[in-house]
Amino acid sequence: MDIEKKLVDELGKNIIEATNEEIYRALVSVVNKAAIDKEERNGKKKLYYISAEFLIGKLLSNNLINLGLFDEVHELLEKNGKNLGDIEELDAEPSLGNGGLGRLASCFLDSIATLGLNGDGVGLNYHMGLFKQTFKDRLQSEIPDKWIDKDTFLIKTDVSYPVSMGGKMYNSVMYDLLVTGYENRTNRLHLFDLETIDSSIIKNGIDFDKEAVDKNLTLFLYPDDSDEAGRKLRIYQQYFMVCNAAHLILDEAVSKGSDLYNLDEYVVIQINDTHPTMVIPELIRQLMERGLSIDDAIEITNKCCAYTNHTILAEALEKWPIGYLKSIVPQIVPIIEVLDDRIRRKYEDESIAIIDRNDFVSMAAIDINYGYSVNGVAGLHTEILKNTELNNFYKIYPEKFNNKTNGITFRRWLMSCNPSLTKYLEELIGEGFIKDSFLLKKLEEYKDDKNVLNKLSEIKMQNKQAFCDYIEKTRGIILDKDTIFDVQSKRLHEYKRQQLNLLWAIRRYLDIKAGIIPEERVTVIFGAKAAPAYTIAKDIIHAILSLMQLIENDEDVKKYLRVIMLDNYNVDVAEKLIPACDISEQISLASKEASGTGNMKYMLNGAVTLGTMDGANVEIFENVGEENIYIFGLSSDEVIAKYKNGSYDPKYYYDNNAEIKRAVDFLVSKEMIGLSGKDHDESLERLYNEFLNKDYFMTFPDFDEYCKVRNKAHSDYKNQDEWSRKCLLNIANAGYFSSDRTIEEYNRDIWKLQ
Ligand code: 9GP
């Protein structure tokens, strides 16, 4: 392709005369056209990956890489005195996800297209995304993340469906994002929306009238559900998503020749967590509308739907009051009742019923009873589902349960975010690993090659410097690349235990204040958003920001320890932070993190994991070997047993462990409270009490070992050759964690697309 000609045609002038904004707009158009050329209409069977979240990240570079245009465009712009990096700054990050769930969905779309599979994503077009995080007075505040107003890759289609909800009709409109595969086909992400959305109803941060559904339906991802109107809005969103999906699925199948009785030859639907579950009763309803009997409709739907579970936390295993469904989507309630009735008659087991005794509808029970596949997202997680959380289902449907350990796309999480490492790997082991990730293993040959180890350290240093420059430019914070970058970036949740990391930092701070000077200088970096209604998570952020402020104003401590909380952690920030990380904190309470995918991204970029035996950390451990990972903490069996016998008492640890007491007491010390200029600080006090009276995710039992192992990792860092060898072995053994491998397994075992 003559990219220069295309770009100039699009611009209507020479590149040198164009502004960055004009070039950006022209590139979007050129990229979309090139991507459309790679669409394929063939393939009888098609996958529909339905998800409330798709955390896709900026698209320009990724699309250029996948279309094989990156180097050419880069050089062309340079030749004309322009810089692709500057132009990319204009690329708004679509704010369509929250964390791992949405990022996984995006990695999967990339791999599906890269493997040449026929599969589209289906979701919602949130105008303001999750939210944009800002810090004010050491507290998180939320503002709308307006990404659609800017020029984007979104394509408006003429597809539209009527959706009946709450006694009113809504007409949808479908927008598409093109999903480019690496040197392969283009698929699509369909995002449904309403024309009537009105962002002027947003007041004070992200508050809005939750009842004005025609105006608010697709404003935000996960609107606050702490009240009834919020919970109902989530049902509106979910039904809107799946009603449109079902229409689209049936239309496409019929247009390809399906008589609907053979729908499973044309369609497979992957239900990503419980949010899209209503697609099951809705598909049944639409099949009946098209003339099928309920028996046939149920049987066919069952053959088309597969469910992925991404958590054992009750908060994400949704249960909706049947009363809410009756008021919003009465058309599917009789179907849900039939589905429930059939299961009750067949199994007489209350624990697997769909409508429980309190008249709540269990979404997971619909998925498991009426889908043909149930998978967990890492080996340990799937075992916990089978043996504990979903054991009653597993006993009935053992054949449905399977594991699909998560993965990440190397296109974004290596090639795009870490070009210097990619280039060096290509020099050493060839380009093959980009398509066959297991070839990374060849790198092991160099594990004792001093030159290679030095070069890897050098690349890490360059990435750390680039990250420092970025943080200075965007946040005005000056970091020191010659310190250990010890990083925890992920959603803020108590089970992920940012608070454990914080207690270590407090301990280190107090030691330094007491004159115990550490040998290693460490920069602890956090990136995390807390859900707006999750009070304790926000308290943890407040505590981290408070410690950060104390240290930033204390030159004596600052020399040895920095604590940096980055605002608005998103894919863009992640792409800069991950290549710069030395130690990757994956410290969830064992059994609670279904998989984690940040752990894989850090590993691939040559960071060493400090973690518990949880989620995919277990498989990282198995792949890299114990020498190349730092493990601590209770095992998942121990944790599960502690919950079962109710034996955990945080007060016992507080009373008997002086270090724990010292660190926890510091939360409500004069220094910390004093920052507020008042004599008390509600948020810090609440966190202190939470630790003492609850500590539901068992921070204290793991504290001593965590500190010991973390300090050992810091001290090992001094031996740069040894450390660099660990980094090399992490990279070399990351091949298993490519989402291409995961998608091949989904296709082999569940989807069976040609
Ligand atoms: O918490 C899990 C995370 O462990 C996993 O890696 C990710 C993708 O499978 O899903 C997350 N789950 C959710 O965000 C909500 O279920």
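**Strands, a helix and two loop residues in a predicted model**

In this predicted model, F526 has M565 of strand 17 as its bridge partner.

Reader: In what order do the six strands of the open sheet stand?

Author: The bridge between F526 and M565 belongs to a set of six that join strand 16 (residues 522–527) to strand 17, and these two strands run parallel. Strand 15 and strand 16 also pair in the parallel sense, over six bridges, and D486 has V524 in strand 16 as its bridge partner. The pairing in the open sheet is parallel, and the order of its six strands is 17-16-15-18-19-20.

Reader: Which strands stand at the edges of this sheet?

Author: A strand with a single partner strand has one side left without a neighbour in the sheet. That is the case for two strands, so the edges are formed by strand 17 (561–566) and strand 20 (630–631).

Reader: What angle does the direction of helix 30 make with that of strand 19?

Author: Helix 30 (residues 699–717) packs on the sheet, where it touches strand 15 (484–489), strand 16, strand 18 (583–586), strand 19 (608–611) and strand 20. Between the direction of helix 30 and that of strand 19, the angle is about 165°.

Reader: How many residues of strand 16 are buried?

Author: In a regular strand the side chains alternate between the two faces of the sheet. From strand 16, V522, V524 and F526 point one way, T523, I525 and G527 point the other way, and all are buried. Strand 16 is therefore mostly covered, and the number of buried residues is six of six.

Reader: Why is strand 2 largely enclosed by the rest of the structure, and which residue stands opposite G121 in strand 8?

Author: Strand 2 (residues 119–124) is largely enclosed because six of its six residues are buried: G119, G121 and G123 on one side, and D120, V122 and L124 on the other. Four bridges join strand 2 to strand 1 (residues 46–50), which runs parallel to it, and I50 has V122 as its bridge partner. Strand 2 also pairs in the parallel sense with strand 8 (residues 186–194), over four bridges. In strand 8, the residue opposite G121 is L189.

Reader: Within what arc do the buried residues of helix 12 fall?

Author: The buried residues of helix 12 (residues 333–347) include I335, I336, L339, D340 and I343. Seen down the axis of helix 12, the buried residues line one face, because they fall within an arc of 135°.

Reader: Which exposed residues does the face of helix 12 turned away from its buried side carry?

Author: The buried residues of helix 12 pack against helix 9 (279–289), strand 12 (360–362) and helix 13 (363–370). The face turned away from that buried side carries the exposed residues P334 and R345.

Reader: Is R138 buried or exposed?

Author: R138 lies in the loop between strand 3 (132–136) and strand 4 (139–143), and has a positive phi of about 60° although it is not a glycine. A residue with 20 or more other C-beta atoms within 10 Å of its own is classed as buried. R138 has 21 such neighbours inside 10 Å, so it counts as buried.

Reader: What phi does Y222 have?

Author: Y222 is placed in the loop between helix 7 (213–216) and helix 8 (228–255). With 21 C-beta neighbours inside 10 Å, Y222 counts as buried. Although Y222 is not a glycine, its phi is positive, at about 50°.

Note on methods:
Residues are numbered from 1 along each chain as its sequence is written. This is a predicted model: local features need pLDDT of at least 70, side-chain atom pairs count only at pLDDT 80 or more; totals for chains, interfaces and linings use all residues. Two strands pair if DSSP finds at least two bridges between them. Two residues are in contact if their C-beta atoms, placed from the backbone, lie within 7 Å. Axes are lines fitted to C-alpha atoms, for helices over the stretch in contact, and angles run from 0 to 180 degrees between N-to-C directions. The expected span of a helix is 1.5 Å times one less than its number of residues. A residue is buried if 20 or more other C-beta atoms lie within 10 Å of its own, exposed if 12 or fewer, and partly exposed in between; C-beta atoms are placed from the backbone. The arc is that of the directions from the helix axis to the C-beta atoms.
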